[in-house]
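Here is a short set of exercises to work through with the structure open beside you. Try each task before reading its solution.

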Amino acid sequence: MGPDDRPAVRRVVVAGAGMAGVQTAVALREQGFTGTVTVIGAEPHQPYDRPPLSKAVLLGTAEGSAFDVDFDALGIELVLGREVTGLRPADHALDTEAGPVPYDVLVVATGAEPVRLPGAEGVPGVHLLRTLDDAERLRPVLARQHDVVVVGAGWIGAEFATAAREAGCAVTVVEAADRPLAGALPPEVAAPMTAWYADAGAELRTHARVARVEPGTVLLDDGTRLPAGAVVVGIGARPATAWLAGSGVALGAHGEVVADSGLRTSVPDVYAVGDCASFPSARYGERLLVHHWDNALQGPRTVAANILGEATGEAPQVYDPVPYFWSEQFGRFVQYAGHHGAADATLWRGDPSGPAWTVCWLRETRLVALLAVGRPRDLAQGRRLIESGTPMNPTLLTDPARPLKKATTA
């Protein structure tokens, strides 16, 4: 079949109205797609950005965080407040609670959903922080300066604890592991962050498991009772893909859609992008599942290009980014780029007890990842050095006064 014989893609349907879904629709128009584009979102709100939820929206310094996108002008149809319930690839149909929606190409962008705390379902005063509605429910809690218990010392837990302290709440953070960010960073890198909690007036309890949540109280498994006017659970997120059961779309060990290097799924005419999908990284030699904003911004450009390219018979574009994310917590701007899993050396730039420092991970003298605290220039230069694979000089690298780009072997 030659390019001219390929069926025309007339209708692209995007399941999910978060960053990944909206950016896919926008990228299709920017790259010249002239067919129908429909974005289906489970929430009733205009599509919005999530990072401000744990900061400005929560503290009432911003009413919302709607994307600055003119959907009408771009000819993008929004179907909001509608849950997707299933997929029938043989029929090219997406099932929703209001009936089936036909597609020529489907993009799965349903994101991730928060892991719930067992036994806390339905207990008054227990909150998640994932949606705009969650943030709106938490605003009056902070305004009333309740005692707050945060379950989980990950990125979202630290960001919420920061906002709660700014609002004047007494904050206790309970973490089952021996340190904050245990799932994300090695022990020696997370260790300096432990002091940030006390510096901000928040109590961090590690090795602390929740036995039970009662109205007004969190009971730990060692018998400790913590007063809690509100409990905020931040113990991770998992891909929102249960609705794909029985569809034939291959899922991975974490429930994520297993996409290929062009973000195509195992089913024809179905792509997956953002928090709900993993992809093979040639750069890192393993499959990556990246639950961060930048991935939901970058991936859609590859999806759009490949949807358009399939119609013309072009070779698919490969998605192999340097992952990037940031977090604002306890008065610090924390940025991370890369993937440190395969590193064979860890080098420090600056004193981790101070306000600004960077950790660099190398593999065979090449930078594969870095974490920068209050050093945005290190992050910007380091990200480019990871992309280029430039060999580094470890001795020069550890001098925090020397720009990273001048710490190469060249």
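**Exercise 1.** Decide whether Gln-329 is buried or exposed, and find the side chain that Gln-329 contacts.

*Solution.* This is a predicted model, so please treat each step as a reading of that model. Start with the number: Gln-329 has a relative accessibility of 3%. Buried means under 20%, so Gln-329 counts as buried. Next, place the residue: Gln-329 belongs to strand 22, which covers residues 324-329. Finally, look at its side chain, which makes a polar contact of 2.9 Å with the side chain of Ser-327.

**Exercise 2.** Which non-glycine residues, Phe-330 and Thr-365 among them, have a positive phi, and where do these two sit?

*Solution.* Take Phe-330 to begin with. Its phi is positive, about 50°, although Phe-330 is not a glycine. Phe-330 is in the loop between strand 22 and strand 23 (332-338). With 10% relative accessibility, Phe-330 counts as buried.

Now turn to Thr-365. Here phi is near 70°, again a positive value in a residue other than glycine. Thr-365 is in the loop between strand 25 (357-363) and strand 26 (366-373). Its relative accessibility is 36%, so Thr-365 counts as partly exposed.

**Exercise 3.** How many salt bridges does the model hold, and which side chain pairs with Arg-225?

*Solution.* Recall the principle: side chains of opposite charge can pair when their charged atoms come close. The cut-off is a side-chain nitrogen of Lys or Arg within 4 Å of a carboxyl oxygen of Asp or Glu. By this rule the count is 15 salt bridges.

One of them joins Arg-225 and Glu-214, with 2.8 Å from N to O. This pair links distant parts of the chain: Arg-225 is in strand 15 (residues 225-227) and Glu-214 is in strand 13 (residues 210-214), eleven residues apart. Arg-225 is partly exposed at 48% relative accessible area, and Glu-214 is partly exposed at 22%.

**Exercise 4.** Work out whether the partners in the salt bridges Asp-260 with Arg-264 and Asp-378 with Arg-375 are buried or partly exposed.

*Solution.* In the pair Asp-260 and Arg-264, the closest N and O atoms are 2.9 Å apart. Asp-260 has 25% relative accessibility and counts as partly exposed. Arg-264, at 24%, is partly exposed as well.

In the pair Asp-378 and Arg-375, the closest N and O atoms are 2.7 Å apart. Both Asp-378 and Arg-375 are buried. If you would like one more example to look up, Arg-88, Asp-91 and Asp-95 are linked in a network of salt bridges.

**Exercise 5.** Which residues form a positive surface patch, and where is Lys-405 placed?

*Solution.* The patch is made up of Arg-377, Arg-384, Lys-405 and Lys-406. Within this group, choose Lys-405, which lies in the segment after helix 10 (394-397). Exposed means over 50% relative accessible area, so Lys-405, at 52%, counts as exposed.

**Exercise 6.** What separates the C-alpha atoms of Leu-347 and Ser-247?

*Solution.* Locate Leu-347 in strand 24 (residues 345-349). Leu-347 is buried, with a relative accessible area of 18%. Then go 100 residues along the chain to Ser-247: the two C-alpha atoms are separated by 46 Å.

Note on methods:
Residues numbered from 1 in each chain as written. Predicted model: local features only at pLDDT ≥ 70, side-chain atom pairs only at ≥ 80, totals over all residues. Heavy atoms only, no water. Patch = residues over 30% accessible without salt bridge, like charges linked within 9 Å, V, L, I, M, F, W, Y side chains within 5 Å. Areas by Shrake-Rupley, 256 points an atom, 1.4 Å probe, with all protein chains shown as cover. Lys, Arg positive; Asp, Glu negative; His and termini not counted. Charge placed at Lys NZ, Arg CZ, Asp CG, Glu CD. Helix = DSSP H or I, 4+ residues; strand = E, 2+ residues; numbered from the N terminus. Buried < 20%, exposed > 50% of the residue type's maximum accessible area, 1.4 Å probe, protein only. Polar contact = N/O pair within 3.5 Å; in protein donor to acceptor, adjacent residues only side chain to side chain.
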